[in-house]
Amino acid sequence: MKHFSADIVPAREEHQAHPVPTAKAGLPTLLDACFTNLTQTADDNDAATKAPLLQAITELALIERGALRPGSRRGQKALRIARLSMAHRLIAQHLAQPDLSPAMVANLLGISLRHLHVLFEAAEMSFSETVTAMRIRESCRLRLETPERAIPVIAQHSGFESPATFDRAFTSAA
């Protein structure tokens, strides 16, 4: 007889798959976020970035097939990684909005504001640090692609509330 980990659901004909988490970002959306983030890091040689995403994709697929319980430690870890990936995608999608906030992203993800902050506590950067870093990268990209654009216009298109905020962000990042 095979031994199964406590996280793995033994395959039985009468066994039914566990329900998918009811958050707005369901498993297909979370899987898509992980795949997108993985393809965006394809050129990176940083295995530390890719490994958790690959593991999360595997675990989410097992959850989807009913072979892994979403409430297990492995399932919860995969869902955390996937929700963080989705949060990054949502931030990128709404980056140009100066009123981008943790509450907005939590609402779009279908999780509590506290849960969103817990996701970012385990990450390298906080929510605000992530937003600022993404806005700085976007500003640099816009400046390189359209050098004729005025800095205040680039700041606005990158989501900075004002040129002064833009300047402070660049100064503190340097």
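## Exercises on helix packing and nonpolar cores

The crossing of helices α2 and α3 is left-handed. The structure examined in these exercises is a predicted model.

**Exercise 1.** Determine how α2 is oriented relative to α3, and which residues form their contact.

*Solution.* Begin with the axes: those of α2 (residues 47-64) and α3 (residues 73-93) come within 8 Å and cross at roughly 120 degrees. Angles of 65 to 115 degrees count as roughly perpendicular and those over 145 as roughly antiparallel; α2 is therefore oblique to α3.

Next, list the residues on each side. From α2, the participants are P52, L53, A56, E59, L60, L62 and I63. Their partners in α3 are R74, G75, A78, L79, I81, A82 and S85. Finally, sort this contact by class: 10 residues are nonpolar, two are polar and two are charged.

**Exercise 2.** Identify the residues of the largest nonpolar core that touch the most other members, and state which elements supply this core.

*Solution.* The largest nonpolar core comprises 33 residues, and the members touching the most others are L60, I91, V105, L109 and L116. Two or more residues come from each of α1 (27-40), α2, α3, α4 (102-109), α5 (113-121) and α6 (127-145). The greatest contribution is that of α3, with nine residues.

**Exercise 3.** List the residues touched by V105, leaving aside those up to four places away in sequence, and then describe the second core.

*Solution.* With those sequence neighbours excluded, V105 touches A87, L90, I91, L100, L116 and F127. A second core, separate from the largest one, has five residues, among them I136, A155, F160 and F166.

Terms used
Residues are numbered from 1 along each chain as its sequence is written. This is a predicted model: local features need pLDDT of at least 70, side-chain atom pairs count only at pLDDT 80 or more; totals for chains, interfaces and linings use all residues. Side-chain values use heavy atoms; hydrogens and water are left out. Axes are lines fitted to C-alpha atoms, for helices over the stretch in contact, and angles run from 0 to 180 degrees between N-to-C directions. Helices (H or I, at least four residues) and strands (E, at least two) are DSSP runs, numbered from the N terminus. Angles under 35 degrees count as roughly parallel, over 145 as roughly antiparallel, 65 to 115 as roughly perpendicular and the rest as oblique. A crossing is left-handed if the near helix is turned anticlockwise from the far one by less than a right angle, and right-handed if clockwise. Contact means heavy atoms within 4.5 Å. Ala, Val, Leu, Ile, Met, Phe, Trp, Tyr, Cys and Pro count as nonpolar, Asp, Glu, Lys and Arg as charged, and the others, Gly among them, as polar. A nonpolar core is a set of buried Ala, Val, Leu, Ile, Met, Phe, Trp, Tyr and Cys residues joined through side-chain atoms within 4.5 Å. Buried means under 20% relative accessible area, exposed over 50%, partly exposed in between (1.4 Å probe, protein chains only).
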